[in-house]
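Trainee: I would like a close look at one part of this model. Please start broad, then zoom in.

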Amino acid sequence: MCAKPSTAGRTLVGCALLLLAPEMVSGSIDHKVPDETISPLIEATSIRGPYFDKTASKNVTALVGHTAYLNCRVRNLGNRTVSWVRHRGIHLLTVGRYTYTSDQRFQAIHSPQTEDWTLQIRYPQIRDSGFYECQVGTTPPIGHAMVLTVVEPITTIIGGPDMFINKGSTMNLTCIIKHSPEPPPLIYWTHDSKEINYDSARGGVSVITEKGEVTTSYLLVQRATSTDSGKYTCHPSNANPHTVVVHVLNGEHPAAMQKGSKLSLKTSLSFISVCLVLFVST
């Protein structure tokens, strides 16, 4: 029992201790903290020193010949140094903002106002594809690897290199662009090196383009005539052009045309051979 109010001060203190939880008497107090309060505290205290913000450090797909950028965001860097290493051959590329490799296409970019350390690669080639690692000079060092994929877009026109179309039918040329990091902003067509005017007096000429991972451009020419024969080229703004030769047939058969051309070539070669024999004999 506790002492009466008239008891000395030290006795009151003793009573107060007895009224508290047994844990305090034994020398410890167990504060019940909600789990949601503990979790952020544990997370905050578990991060010591630099760490990578992986949401801002991602794999990159780049176009051949177009400058590529690999970004590395480092939190809590302090006075540590950031380096870039290429896994192939364990090649040290940059240390801080200085380029260490002899290949001057590589350069580290950093603004003091940010936590980003960016590796710039000028004129990338397919051989530059692979793993690159952003490293921080802690003990031991820590690193975050990412993949650079350098691609060269491929442009094809279905049915090439020669296409045979009947007079009066609709010409449908289908141009496909693959392996482009982004859809080409612009695609235009030429006929015999002249850009096609879709609003010309001829009429019946239109283009339909579907953009995506694979971009497709359709050139439609209605009521084809012999003047529509010739070379047609698809020009994507971020890929190489591709050309097909269109033959508008007026009752001819493609096989007969090809046979005739082969016969003409054979006749020409025979004529050249005869001329050479006559020249040597004289």
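Trainee: What share of the 282 residues of the protein counts as buried? Then take me to Val-244: is Val-244 buried or exposed, and which residues is Val-244 in contact with, leaving aside its neighbours within four places in sequence?

Mentor: This is a predicted model, in which local features need pLDDT of at least 70 and side-chain atom pairs count only at pLDDT 80 or more, while totals for chains, interfaces and linings use all residues. Numbering runs from 1 along each chain as its sequence is written, and side-chain values use heavy atoms, with hydrogens and water left out.

Your first answer is 30% of the 282 residues. Buried means under 20% relative accessible area, exposed over 50%, and partly exposed in between, with a 1.4 Å probe and protein chains only. The protein has four helices and 19 strands. Both are DSSP runs numbered from the N terminus: helices are H or I with at least four residues, strands E with at least two.

Now the cores. A nonpolar core is a set of buried Ala, Val, Leu, Ile, Met, Phe, Trp, Tyr and Cys residues joined through side-chain atoms within 4.5 Å. In soluble globular proteins, nonpolar side chains tend to be buried together. The largest core here holds 21 residues, and Leu-70 and Trp-84 are among those with the most contacts inside it. Six strands, including S3 (68–75) and S10 (142–151), each supply at least two of its residues. S3 gives the most, with four. Apart from this core lies another, of 20 residues, and that one includes Met-163, Ile-196, Val-221 and your Val-244.

Val-244 sits in strand S19, residues 242–249. Val-244 counts as buried because its relative accessibility is 0%. Contact means heavy atoms within 4.5 Å. Setting aside neighbours within four places in sequence, Val-244 is in contact with Ile-157, Gly-160, Pro-161, Met-163, Leu-173, Gly-230, Lys-231 and Tyr-232. Take Met-163: 81 residues separate Met-163 from Val-244 in sequence, yet the C-alpha atoms are 7.2 Å apart.

Two of these partners share a peptide bond. From Gly-160 to Pro-161 that bond is cis, with omega near 5 degrees. Pro-161 lies in the loop between strand S11 (154–157) and strand S12 (162–166).

Gly-230 is another partner of Val-244. Gly-230 belongs to strand S18, residues 230–236. Its relative accessibility is 16%, so Gly-230 counts as buried. Again leaving out neighbours within four places, Gly-230 is in contact with His-191, Asp-192, Val-244, Val-245 and Val-246. Gly-230 and Ser-193 are 37 residues apart in sequence and 9.7 Å apart C-alpha to C-alpha.

From here we reach the largest pocket. His-191, a contact of Gly-230, is one of its lining residues. Tyr-232, a contact of Val-244, is among them too. So are Ile-196 and Val-221, both members of the 20-residue core. On a 1 Å grid over the protein atoms alone, a pocket is an open set of points where a 1.4 Å probe fits, with protein on both sides within 12 Å along at least five of seven lines; lining residues have an atom within 4 Å of a point. The volume is about 180 Å³.

To recap: Val-244 is buried, belongs to the 20-residue core and is in contact with Gly-230.

Conventions:
Points joined across faces, edges and corners; volume = space filled by probe spheres on them.
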